[in-house]
Amino acid sequence: MFTRIAYADLNSRQQENYNFQKVAAELADYGFNCLRLSDDWQGADFIACHIDGETFIKVQLKGRLCIDKKYLGKGIHIAFFHGGACYLYDHDALVQHLLDNGLIGDSSVTWHEKGGRSWPSPPAWALKFLENYRV
């Protein structure tokens, strides 16, 4: 009755819906209820609300590790999957880590001029950083 789908066969909107459901399922194990937003409210695709009634996380779904200046200072966390693992990282903490460790230099056109940077597959330094953000 049920036939598994191939993620690669989904269009971009379907992939976003799929990723939301997968991330929400992961976060449910930690006491979060995820509320999908109809538009990118304050940069977030959804809000993860914890059962403690006090913890709320604004989450942007992505297909890969990334940073973007439009998310700076908004309290955004980025969720993405890599190698079967779900990661939910503090965007501004990653940017600060990159700056503090010289991982984005003055010559980075994509960051300084275009305002963003992404990695199709996280480099070794990123996997070490992401250890604390694996769901």
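Colleague: Let's start with Cys34: does Cys34 count as buried or exposed, and at what relative accessibility?
Modeller: Keep in mind that this is a predicted model. Buried here means under 20% relative accessible area. Cys34 falls below that cut-off, so Cys34 counts as buried, with a relative accessibility of 12%.

Colleague: And how many disulfides does a search of the whole structure find?
Modeller: A disulfide is a covalent bond between the sulfur atoms of two cysteines. For Cys34, the closest cysteine sulfur sits in Cys49, and at 7.8 Å that is too far for a bond. Cys49 is itself buried, at 14% relative accessible area. Searching the whole structure for disulfides gives a count of 0.

Colleague: Which residue is the bridge partner of Cys49 in β3?
Modeller: Strand β3 covers residues 56-61, and β2 pairs with β3 in the antiparallel sense over 4 bridges. Within that pairing, Cys49 has its bridge partner in β3, and the partner is Phe56.

Colleague: Which residue takes a positive phi in the hairpin of β2 and β3?
Modeller: That hairpin has 5 residues between the strands. The positive phi there is near 75°, and the residue that takes it is Gly53.

Colleague: What about the other side of β2: how many bridges join β1 to β2?
Modeller: Strand β1 spans residues 32-41, and β1 and β2 run antiparallel. One of the pairings puts Leu35 opposite its bridge partner in β2, Ile47. As for the bridges that join β1 to β2, the count is 6.

Colleague: Which residue in the turn between β1 and β2 has a positive phi?
Modeller: β1 and β2 form a hairpin, with 2 residues between them. The positive phi in the turn is about 50°, and the residue that has it is Gln42.

Colleague: How many residues of β2 are buried?
Modeller: Strand β2 takes in residues 44-50 and is mostly covered. Ala48 has its place in this strand, and Ala48 counts as buried because its relative accessibility is 0%. For the strand as a whole, the buried residues come to 6 of 7.

Colleague: How far apart are the C-alpha atoms of Ala48 and Ala6?
Modeller: Along the chain, Ala48 and Ala6 are 42 residues apart. In space, their C-alpha atoms are separated by 27 Å.

Colleague: On to charges: which residues do salt bridges join into one network?
Modeller: A search of the whole structure finds 2 salt bridges. Glu16 forms a salt bridge with Arg13, with the closest N and O atoms 3.7 Å apart. The side chains of Arg36 and Glu16 also meet in a salt bridge, at 2.9 Å from N to O. Sharing partners, these salt bridges make one network out of Arg13, Glu16 and Arg36.

Colleague: Where do Glu16 and Arg13 lie?
Modeller: The two are 3 residues apart, about one turn of the helix. Glu16 counts as partly exposed, at 25% relative accessibility. Both residues lie in residues 12-28, that is, helix α1.

Colleague: Is Arg36 buried or partly exposed, and with what relative accessible area?
Modeller: Arg36 shares a salt bridge with Glu16. That pair links distant parts of the chain, with Arg36 in strand β1 and Glu16 in helix α1, 20 residues apart. Arg36 is partly exposed, and its relative accessible area is 27%.

Colleague: Which residues make the nonpolar surface patch of about 270 Å²?
Modeller: Tyr7 is one of them, and its place is in the segment before α1. Tyr7 counts as partly exposed, at 31% relative accessibility. The residues that make the patch are Ile5, Tyr7 and Tyr18.

Colleague: What is the angle between the planes of Phe80 and Tyr87?
Modeller: A pair of aromatic rings is described by the distance of the centres and the angle of the planes. The structure holds 6 aromatic pairs. Phe80 and Tyr87 form one that is stacked, with 5.5 Å centre to centre and an angle between the planes of 25°.

Colleague: Last one: which residues do ring pairs link into a cluster?
Modeller: Phe80 is buried, with a relative accessible area of 2%. Tyr87 counts as buried too, at 8% relative accessibility. Ring pairs link these two with one further residue, and the cluster is Phe80, Tyr87 and Tyr89.

Key: Residues are numbered from 1 along each chain as its sequence is written. This is a predicted model: local features need pLDDT of at least 70, side-chain atom pairs count only at pLDDT 80 or more; totals for chains, interfaces and linings use all residues. Side-chain values use heavy atoms; hydrogens and water are left out. A disulfide is a pair of cysteine sulfur atoms within 2.5 Å. Buried means under 20% relative accessible area, exposed over 50%, partly exposed in between (1.4 Å probe, protein chains only). Two strands pair if DSSP finds at least two bridges between them. A salt bridge is a side-chain nitrogen of Lys or Arg within 4 Å of a carboxyl oxygen of Asp or Glu. Patches are made of residues with over 30% relative accessible area and no salt bridge: like charges are joined within 9 Å, nonpolar side chains (Val, Leu, Ile, Met, Phe, Trp, Tyr) within 5 Å. Accessible areas come from the Shrake-Rupley method with a 1.4 Å probe; for residues, only the protein chains shown count as cover. Rings of Phe, Tyr and Trp (its six-membered ring) pair if their centres lie within 6.5 Å; planes under 30 degrees apart count as stacked, over 60 as edge-to-face and the rest as tilted.
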